[in-house]
Amino acid sequence: MSSTQFPPFTSTNLNSTEEIKQFHASAIKTGSFRRLSSRLLTLYSNPKLGNLEYARSVFDRISKPSSLCWNTIIKCYVENNYSQEALVLFCQLLHQSLVLPDNFTYPCVLKGCGRLNAIEEGKQIHGLTLKCGFGGDIYVQSTLVSFYSKCGEMDLARTVFDRMSSKDIVSWNCLINGYVGSGDIGTARELFDEMPEQDLFSWTALIDGYSRFLDAVNVFKAMLKEDVKPNDSTLVSAMSAISGLGLLENGIWIHSYMDKNKYEYNGVLGTSLIDMYSKCGGIESALSIFHAISRKKLGHWSAIIVGMGMHGMAKETLELFEEMKRVGMRPHGITFIGVLNACSHTGEVNQGLHYFQQMVNEYRIAPTIEHYGCAVDLLCRAGRLEEAKNVIDKMPMKPNEIIWMSLLSGCRNHGNIDLGEYAAKRVIELDPMATGCYVLLSNIYAAAGLWDKVSELRKVMKAEGLAKDPGRSSIEHGGMVHNFIVGDRAHPQTKDIYSKLNDMKKRLHAAGYKPDTTQVLLCLEEKDKEAELAYHSERLAIAFGLINNETGKPIRVVKNLRVCNDCHVVTKLLSEIYSCEIIVRDNRRFHHFKNGLCSCRDYW
DNA sequence: ATAGGGTTAG
């Protein structure tokens, strides 16, 4: 819109900082600053512009700020994530100003309290709203619901909500969001069904709440059926669920929906798409999305670097990382997570350590516990266990169970009993219910033939009520997700699957396969151990994939645990025997099996 | 003289 259509002094269309500054300058020149100060303050306070300093300087030049001015500057601080300062201003408003807070003020400060998790301050302000007669204001009440929710006080949020004499869609959404945030998706769902009508926020909240489950995708589809048009946030939530589950077919579907409806990928949607394709095993698609984005932002670069790292493409990852720096993009902490992981997955230990140093020294990024986790992982995978232990001992924060699990896992892979026991003790101190830890330790004992120690561990697990987390694998076919657990016989095609497994077994043995039973947890006869391996969940999924794969497309399996050594050997052979590419996502990375080889080059 | 400023994803 051209500015000539609107006289500068009355224009409401000043959208850029530059335009506002011109307006500001002319207001001073013509002596109309006093008259326009409140308008200027509002313009500078636009949260999209981030002009907090200008807004404040205008506010400070207003001699007797009206409640409108107070409200605007307080909101500006909240929106720019300086809620602490917003509360300071609110106190000044209470004690030092000529005007009193009004019904517009309270929602702003309460929002600030929510952001700060300032439960006590919020409760006091809640009291004030009642005292000042704003207890029945729907905006104040909804913000209170939201505030208590953010502070984890669902009972209080519910009480405020139940006491509201009239509720609108926003009040319901605030409460639903609260239950979603507290992880109570059941109650969130009940409220969603109970509310008089749902809007985009309600749907998005529900999709968000189902994040790690297939329901998220189904709710998204139901929403489209109701002709509610998703916005960026909805799509991000839906894609995040798809990524978590690794549902490539669904991912392609949502992408084509977005294409058809002309969504823009230059912002957060591009990042989500890259992330989604990477995590669903479509790294080529992730790359083409990335390359098609004309003005690549930090999020896009980081997403593709993290994604390629997961696929073990260390060389390409590092090349892109160097290119990113060359074009003047400054990496942040998450980018380095991707870089370190890439090095870890291919065993580029020294290069990884070099990048860790670069992050600290050149980019002045303080390593988080996740970065130390990467460094420990890097060393552990390579068998440099003592060095890893050294990193743990010297890191500035208390190591968490993830870090000790990395060490333990390294000890399993490199057969270090003493350090393994030490790491396992640390894990159990932090998380007594850590099943995976018992399993890894058992693996160490089993590999060393210490069967009495294995059975001792099993007794402890039994006494503690710990069951081994069963291996689960899923595969998409014909618009459905098929899930398998070890020794599963629940699938409608079970008969075919087991006869395929039999066929696989024969052909594997003919190809010279010898089962590797060293990682079987149970103290069983050699024959029974082999049987245990033969029904690992990914083999059921692969058998299912082979039966139903007429198209010659890769078979894509998503697993909840790490691939065991034996399954890894088997999957390599199967890719050759059946001339079929098999792509497995385990809980850490991707394995692309083709022609008898795996992309991880047996290092994982 | 009058309008303007508020609540739900980040």
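Which residue stands opposite Ile583 in E4? In this predicted model, that residue is Arg556. The position belongs to a pairing between strand E3, residues 555–559, and strand E4, which run in the parallel sense and are linked by 4 bridges. Between these two strands the chain passes through helix H31, residues 565–577, and the resulting β-α-β crossover from E3 to E4 is right-handed.

Strand E4 spans residues 582–585 and is covered on both faces. Ile582 and Val584 are buried on one side, while Ile583 and Arg585 are buried on the other. The residue that faces Arg556 of the parallel pairing, Ile583, is thus named among the buried residues of the strand.

Strand E4 also pairs with strand E5, residues 590–594, this time in the antiparallel sense and over 4 bridges. Within this pairing, Arg585 has Phe590 in E5 as its bridge partner. The connection from E4 to E5 is a hairpin of 4 residues.

A separate matter concerns the cysteines. The structure contains 0 disulfides. For Cys380, the closest cysteine sulfur is that of Cys411, and the 6.6 Å between the two sulfur atoms is too far for a bond, because a disulfide requires sulfur atoms within 2.5 Å. The relation holds from the other side as well: the cysteine sulfur closest to that of Cys411 is in Cys380, at 6.6 Å. Cys380 counts as buried, with a relative accessibility of 1%, and Cys411 is likewise buried, with a relative accessible area of 0%.

Methods:
Residues numbered from 1 in each chain as written. Chains lettered and ligands numbered in written order. Predicted model: local features only at pLDDT ≥ 70, side-chain atom pairs only at ≥ 80, totals over all residues. Heavy atoms only, no water. Buried < 20%, exposed > 50% of the residue type's maximum accessible area, 1.4 Å probe, protein only. Pairing = 2+ DSSP bridges. Right-handed = clockwise from strand over helix to strand, strands pointing away.
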